[in-house]
Amino acid sequence: MSDLRWVLLYLLAVVVVTLIHQPLYLCIGLIAVVLLSGSLRWRLLRKAFFSMLLFNLTVSLGYLAIALIRDELRMDYLLLINSRVLLLVMLGFWLSARINFANALRFSPTLAFLTTLAAGQIRLMSRVINDYRTAFESRCLKRPNWRERTRLAVAQTEAVVEQSHHAATEISQAMRSRGVFND
């Protein structure tokens, strides 16, 4: 199957998953995706779980607090939103591991170009973060404590945001000069 068809199938799956309101069916869908993932299943599942953990934990705790205050706690709803998000994230990681997005969007030169730019920016930011991490590790004789790691995270975030802002400005100016944006 072509990459474009996989993207269209993924978009259809996202719509179907958002229309399902039974946690049992969502869990069955998650099991099916895990089984169909082949040798990547545990890596993708771990990646999906940890990438959504902070967001879902925040939303779930917020829901629990409000529901307990109002005395309207529904565990089935909590299971529904968490299983839906995990399934959608797992589908996204499965798709990104399976296809080449630039190839899937080659029918539109603009979309293919934007996909290539986004992939380049992702690689650039990954390299910046990796450079910060290795530089920090090379300067530490022992394992850094929580405070030192927090300072590193703040410094990395500042560098990534600054680099992203600079790159976005440069790219948008270059694209505007080439007539991509007509405003």
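**Salt bridges, helices and a nonpolar surface patch**

Asp131 and Arg127 are joined by a salt bridge, with 3.9 Å between their closest N and O atoms. The two residues sit four apart in helix H6, so about one helical turn separates Asp131 from Arg127. With a relative accessible area of 39%, Asp131 is partly exposed. The model described here is a predicted one, and two salt bridges are found in the structure. Another salt bridge links the side chains of Arg74 and Asp76, at 3.6 Å from N to O. Arg74 is partly exposed, at 45% relative accessibility, and Asp76 is likewise partly exposed, with a relative accessible area of 44%.

A short walk along the chain leads to Asp71, which belongs to the loop between helix H3 (41-70) and helix H4 (75-98). Its backbone is worth a look: Asp71 is not a glycine, and yet its phi is positive, near 60 degrees. For context, most residues other than glycine have a negative phi. Asp71 is exposed, because its relative accessible area of 71% is over the 50% cut-off.

Helix H1 (3-19) offers a good introduction to how the helices are arranged. The 17 residues of H1 should span 24 Å at 1.5 Å a residue, and the 25 Å between its end C-alpha atoms agrees with this. Which residues of H1 are buried? They are Asp3, Trp6, Val7 and Val17. These buried residues cover an arc of only 100 degrees around the axis, and therefore lie on the same side of H1. Their packing partners are helix H2 (23-36), H4 and helix H5 (101-104). On the face of H1 turned away from this buried side are the exposed residues Arg5, Leu12 and Leu19.

Helix H7 (146-177) can be read in a similar way. H7 is built from 32 residues, and the distance from its first C-alpha to its last is 46 Å, close to the expected 46 Å at 1.5 Å a residue. Its buried residues are Leu152, Gln156, Ala159, Val160, Ala167 and Met175. What do the buried residues of H7 pack against? Their partner is H6.

H6 is also the home of Arg133, a residue that counts as partly exposed at 39% relative accessibility. Arg133 and Arg149 are separated by 16 residues in sequence, while their C-alpha atoms lie 9.8 Å apart in space.

The surface, finally, carries a nonpolar patch formed by Leu4, Leu8, Leu11, Phe107, Leu111, Phe113, Leu114 and Val180. Together these residues have about 680 Å² of accessible area. Helix H1 and helix H6 (109-138) are the elements that each give two or more residues to the patch. One member of the patch, Val180, is placed in the segment after helix H7. Is Val180 buried, partly exposed or exposed? Its relative accessible area is 33%, between the 20% and 50% cut-offs, so Val180 is partly exposed.

Methods. Residues are numbered from 1 along each chain as its sequence is written. This is a predicted model: local features need pLDDT of at least 70, side-chain atom pairs count only at pLDDT 80 or more; totals for chains, interfaces and linings use all residues. Side-chain values use heavy atoms; hydrogens and water are left out. Patches are made of residues with over 30% relative accessible area and no salt bridge: like charges are joined within 9 Å, nonpolar side chains (Val, Leu, Ile, Met, Phe, Trp, Tyr) within 5 Å. Accessible areas come from the Shrake-Rupley method with a 1.4 Å probe; for residues, only the protein chains shown count as cover. A salt bridge is a side-chain nitrogen of Lys or Arg within 4 Å of a carboxyl oxygen of Asp or Glu. Buried means under 20% relative accessible area, exposed over 50%, partly exposed in between (1.4 Å probe, protein chains only). The expected span of a helix is 1.5 Å times one less than its number of residues. The arc is that of the directions from the helix axis to the C-beta atoms. Contact means heavy atoms within 4.5 Å.
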